[in-house]
Number of protein chains: 2
Amino acid sequence: MKIIRFPKKDTWETLLARPLLDFSQGEARVRDVLSHIKQKGDLALKEYSRKFDGYEAENFRVSEAEILAANTLVPEKLKTAITQAAANIQSFHQSQQELPRRIETMPGVICWRKSVPVSTVGLYIPGGTAPLFSTLLMLAIPAQLAGCRKIVLCTPPGKAGIISPAILYTAGFLGLNEIYKIGGAQAIGAMAYGTASIPRVNKIFGPGNQYVTLAKQQVSQQGVAIDLPAGPSEVAVVADRTANPAFIAADLLSQAEHGTDSQVIFVTDCEPLLEAVREEVEDQLASLPRKEIAREALQHSLIILLENKMQILEMINSYAPEHLILAVQNPEEWAEKIENAGSVFLGHYTPESAGDYASGTNHTLPTNGYAKAYSGVSLDSFVKKITFQQITGEGLRRLGPSVEVMAEAEDLFAHRNAVSIRLETLNGKNHE
Amino acid sequence: MKIIRFPKKDTWETLLARPLLDFSQGEARVRDVLSHIKQKGDLALKEYSRKFDGYEAENFRVSEAEILAANTLVPEKLKTAITQAAANIQSFHQSQQELPRRIETMPGVICWRKSVPVSTVGLYIPGGTAPLFSTLLMLAIPAQLAGCRKIVLCTPPGKAGIISPAILYTAGFLGLNEIYKIGGAQAIGAMAYGTASIPRVNKIFGPGNQYVTLAKQQVSQQGVAIDLPAGPSEVAVVADRTANPAFIAADLLSQAEHGTDSQVIFVTDCEPLLEAVREEVEDQLASLPRKEIAREALQHSLIILLENKMQILEMINSYAPEHLILAVQNPEEWAEKIENAGSVFLGHYTPESAGDYASGTNHTLPTNGYAKAYSGVSLDSFVKKITFQQITGEGLRRLGPSVEVMAEAEDLFAHRNAVSIRLETLNGKNHE
């Protein structure tokens with residue numbers, strides 16, 4: 001990791017620029033895949049499964065027997081951990097439930113809003129080397145709490161048509177049963193348009209490779225909602241002299257091992273930590289199975305020394321990290337000043353991996369600086385908040401004249417009439 | 001308006017298809033405008049102002065004197081109406097504020113989330129025939145309640161460089177002072193990238209023509225958030241035999257006058273209302289200033305007779321109207337069953353125009369069927385919900401082992417280490 005001492009403020013933006021992902025090459029290919037699926041449905045799906053996943057699909061749907069079988073393949077201690085993580089995720093997301101509050105903005109004018117579940121949602125869980133059953137917990141649990149009527153899960157099988165037991169077990173544990181063995185851009189297309197065997201969904205969630213990302217981006221322009229724009233994962237660790245260099249190094253590495261495009265930033269005003277952390281990173285890196293990936297990620301990652309707390313906060317807020325660890329003595333004070341971040345971890349005993357798996361918060365978060373305007377996935381992501389209003393005759397008598405004047409000032413006379421005609425009727429009734 | 005009696009369910013989707021807007025022709029042009037603004041900044045802005053708005057800009061910023069002058073140009077009764085509308089919009093949006101709730105998901109594991117304002121937002125208000133000061137109320141009030149630090153307003157001037165007094169007055173009334181005379185795609189580009197005179201924003205709100213819509217769509221792919229995907233405005237009115245045909249007609253027309261691509265749907269199970277409403281529409285249409293626009297919109301609008309309440313609800317939920325009026329005897333019962341709609345108006349004395357202007361709800365709503373997965377603009381649109389967590393040593397002792405097991409099962413050993421290294425230290429301390 002490169003150490004930068006006291007960078008000038010006007011260099012920060014360049015210094016902290018995210019690795020640019022150029023997906024433009026895949027765009028046309030993904031567009032073809034999507035339009036082919038829209039036209040040919042299952043036929044196209046089978047073709048792509050063969051071509052991209054090497055899987056000859058008879059039937060995409062996972063059987064009940066397969067789900068049950070996964071039960072015997074997952075070790076008990078993992079089952080216990082999943083149960084505990086699920087309970088924490090449930091209780092935190094449950095707390096996000098919003099009850100309708102009826103507001104009488106004027107006498108006789110009552111407004112409220114109600115959270116109503118998105119009826120059908122699609123979850124995409126990548127296969128490949130790391131079977132991300134944790135992401136399944138993070139997406140399916142709030143979908144269930146929100147009350148989504150149908151939850152469709154797509155995940156790619158290996159060549160033999162087998163899905164990771166940990167993913168299948170988690171799905172079965174949560175009671176999901178619409179599980180399909182499809183991966184890549186074709187899975188996104190199938191859920192966006194629907195085919196004979198895959199239901200069409202209203203919103204698609206989940207991470208994936210560049211083709212999945214591009215497909216989500218493209219269908220989002222066609223009326224299907226998506227969770228978040230995608231970008232590489234990242235963490236910023238902030239530390240003061242009370243921090244433990246070994247803990248910081250472990251946190252930096254836990255982000256770096258995600259992928260070669262992960263970004264990892266360590267910022268401090270404590271000079272002695274610079275070398276101490278760098279050495280710890282080197283030491284711990286040596287024993288990691290994914291050390292090659294992590295090493296590459298660390299090449300574009302930085303250790304930054306700044307003057308003081310104020311400067312550090314300014315840099316963090318301008319960077320807007322997906323994950324932010326505050327390894328400082330008074331983390332609550334720092335947290336108060338955080339304006340842009342996906343999820344914040346306070347203190348020396350709160351590693352990011354706690355939130356990645358099991359503490360209760362969601363791990364699907366805004367990357368790439370999107371934390372300046374986007375929130376992570378939460379219960380909100382699985383509902384629409386519909387507004388309602390009911391006005392009494394008396395209420396309209398009070399409110400109506402304002403509406404008439406404003407509509408007229410906008411030259412929208414039919415808008416005015418919709419009030420006037422009612423007020424005339426109300427007044428007529430008075431004279432009866 | 002065309003009357004359709006008892007359409008078969010498998011024809012509904014085609015019957016209720018939205019008018020297709022083909023914007024593809026403008027795409028390349030807007031891409032050029034945006035990249036030109038990104039490169040040349042104010043120079044490009046001035047060029048486009050001259051070319052598209054016929055306005056020779058010396059300076060884009062509206063002066064304090066101009067804002068004050070608007071004060072004398074707006075009639076008192078409009079000022080009173082705006083004051084009342086603003087108060088209602090404030091009190092409804094204020095009620096959407098969410099306070100942090102600290103949840104101890106396990107002993108020593110504390111999670112919460114906090115709403116933090118989007119720091120800088122850009123509001124676009126179109127000029128042209130209808131000066132939409134109501135949209136300015138709907139966007140600026142929640143932005144202020146949320147605590148956005150900077151609110152930038154762009155609106156196109158006429159050729160003489162003059163902005164509608166109603167818009168300027170409203171801006172002044174709300175205390176906005178960063179107002180710029182810029183319109184079209186170039187305004188969106190200026191706010192997305194920033195120029196020497198226009199600040200860069202994190203999120204852009206507001207309606208506009210096809211170029212504005214395309215520009216918002218394009219910058220949203222480049223990291224700037226936007227409020228909602230755009231589509232033509234629409235209303236569905238549902239009525240039973242207690243409804244007043246004149247009220248229904250007025251509501252249908254108030255939507256039809258928005259634009260020739262507006263869609264207006266009337267659904268009932270009460271046969272006599274079909275002709276009665278059609279006749280009322282014709283009668284009221286005759287005296288409208290915008291009758292040509294409304295007439296064209298009505299050409300692709302429908303009056304539909306269905307069997308019963310259940311069928312009507314099914315059709316409405318599959319159509320997902322932006323606005324839904326329930327002109328029925330027991331609107332609360334119906335409202336309970338609404339799954340997809342932007343905003344719902346209950347009863348005979350609740351016209352859509354009340355919500356368009358002054359009752360308190362927001363009028364920036366999901367069109368085009370997006371109500372199946374998107375919410376309208378609310379206080380939420382101006383904040384990010386950041387999650388926080390703090391774990392004590394004791395909390396990590398309880399939670400940590402689950403994290404270790406799960407990380408290992410996902411082959412992410414650095415994730416596991418971030419917990420293990422802390423647990424070792426905690427245990428070491430015990431032995432000291």
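In this predicted model, Glu404(A) touches four residues beyond its sequence neighbours: Arg416(A), Val419(A), Ser420(A) and Leu423(A). Residues up to four places away in sequence are left out of that list. Glu404(A) itself lies in helix H16 of chain A, which spans residues 393-409.

The side chain of Glu404(A) has no salt bridge, although the residue is buried. Arg416(A) carries the nearest side chain of opposite charge, at 5.5 Å. A salt bridge requires a nitrogen and a carboxyl oxygen within 4 Å, so the pair does not qualify. Arg416(A) is nevertheless among the residues that Glu404(A) touches.

The interface of chain A and chain B was examined next. On the side of chain A, 121 residues are in contact with chain B. Chain B contributes 122 residues to these contacts. Together the two chains bury about 10500 Å² between them. Of this area, 56% is on carbon and sulfur atoms.

Charged pairs also cross the interface. The rule finds 10 salt bridges between chain A and chain B. One of the salt bridges joins Arg149(A) to Glu339(B). Their closest N and O atoms are 2.4 Å apart. Polar contacts between the two chains number 61 residue pairs, with both residues at pLDDT 80 or more.

Helix H17 of chain A, residues 413-431, gives the most to the side of chain A that touches chain B. Its share is 11 residues. By residue class, that side of chain A divides into 59 nonpolar, 38 polar and 24 charged residues.

Methods:
Residues are numbered from 1 along each chain as its sequence is written. Chains are lettered from A and ligands numbered from 1 in the order in which they are written. This is a predicted model: local features need pLDDT of at least 70, side-chain atom pairs count only at pLDDT 80 or more; totals for chains, interfaces and linings use all residues. Side-chain values use heavy atoms; hydrogens and water are left out. Helices (H or I, at least four residues) and strands (E, at least two) are DSSP runs, numbered from the N terminus. Buried means under 20% relative accessible area, exposed over 50%, partly exposed in between (1.4 Å probe, protein chains only). Lys and Arg count as positive and Asp and Glu as negative; His and the chain ends are not counted. Contact means heavy atoms within 4.5 Å. Buried area is the accessible area (1.4 Å probe) that two parts lose on being put together, summed over both. A polar contact is a pair of N or O atoms within 3.5 Å; within protein, one must be able to donate a hydrogen and the other to accept it, and residues adjacent in sequence count only if both atoms are side-chain atoms. Ala, Val, Leu, Ile, Met, Phe, Trp, Tyr, Cys and Pro count as nonpolar, Asp, Glu, Lys and Arg as charged, and the others, Gly among them, as polar.
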